[in-house]
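Let's take a look at some cysteines and at a pocket. Have the picture open while you read.

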Amino acid sequence: MNLHLCQKSYVQMLVGENPLICTCHHVTLDQLLQQLPENPQLEPVEEMVHCLQKTTGASTGCGNCLSRVQGIIECYRLKPEIFKES
């Protein structure tokens with residue numbers, strides 16, 4: 001997810017669709033979001049990526065989804081409130 005796509009309507013659509021983010025380990029957006037901390041601004045992106053890799057396996061296979069995982073984390077850090085379904 002590119003940061004320019006970090007718009008509430010787009011993120012809400014993705015949350016509703018719950019797309020597959022990591023095809024190697026069959027990890028969906030919802031599974032990633034469940035593992036993210038309540039206060040994402042307090043943790044470095046690299047630590048959050050490592051935590052998601054450990055807990056979900058996302059981006060530990062072929063690595064093609066690493067940029068998507070990082071983008072989701074960066075957007076979540078900027079605007080965590082838009083990831084909550086309204």
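A quick word first: a residue counts as buried when its relative accessible area is under 20%. Keep in mind, too, that this is a predicted model.

By that cut-off, C6 and C75 are both buried. These two cysteines are joined by a disulfide, with 1.8 Å from S to S. How many disulfides does the structure hold? It's just one. The link between C6 and C75 is right-handed, with 85° about the S-S bond. It ties together distant parts of the chain: C6 sits in the segment before α1 (8-17), while C75 belongs to helix α4 (residues 66-78), and the two are 69 residues apart.

Now for two cysteines that are in no disulfide. A pair of sulfurs has to be within 2.5 Å to count as one, so compare that cut-off with the distances here:

| Cysteine | Nearest cysteine sulfur | Distance |
|---|---|---|
| C22 | C65 | 3.8 Å |
| C62 | C24 | 3.7 Å |

Is C22 buried or exposed? C22 has a relative accessible area of 2%, so it is buried.

On to the pocket. The largest pocket has a volume of about 210 Å³. Which helix gives the most to its lining? That's helix α2 (residues 29-35), with three residues. Other parts of the chain join in as well, and the lining includes V15, N18, Y76, F83 and K84. Sorted by class, the lining of the largest pocket has seven nonpolar residues, four charged ones and one polar one.

Key:
Residues are numbered from 1 along each chain as its sequence is written. This is a predicted model: local features need pLDDT of at least 70, side-chain atom pairs count only at pLDDT 80 or more; totals for chains, interfaces and linings use all residues. Side-chain values use heavy atoms; hydrogens and water are left out. On a 1 Å grid over the protein atoms alone, a cavity is a set of points where a 1.4 Å probe fits but cannot get out, and a pocket is an open set with protein on both sides within 12 Å along at least five of seven lines; lining residues have an atom within 4 Å of a point. Grid points are joined across faces, edges and corners, and a volume is the space filled by probe spheres set on the points. Helices (H or I, at least four residues) and strands (E, at least two) are DSSP runs, numbered from the N terminus. Ala, Val, Leu, Ile, Met, Phe, Trp, Tyr, Cys and Pro count as nonpolar, Asp, Glu, Lys and Arg as charged, and the others, Gly among them, as polar. Buried means under 20% relative accessible area, exposed over 50%, partly exposed in between (1.4 Å probe, protein chains only).
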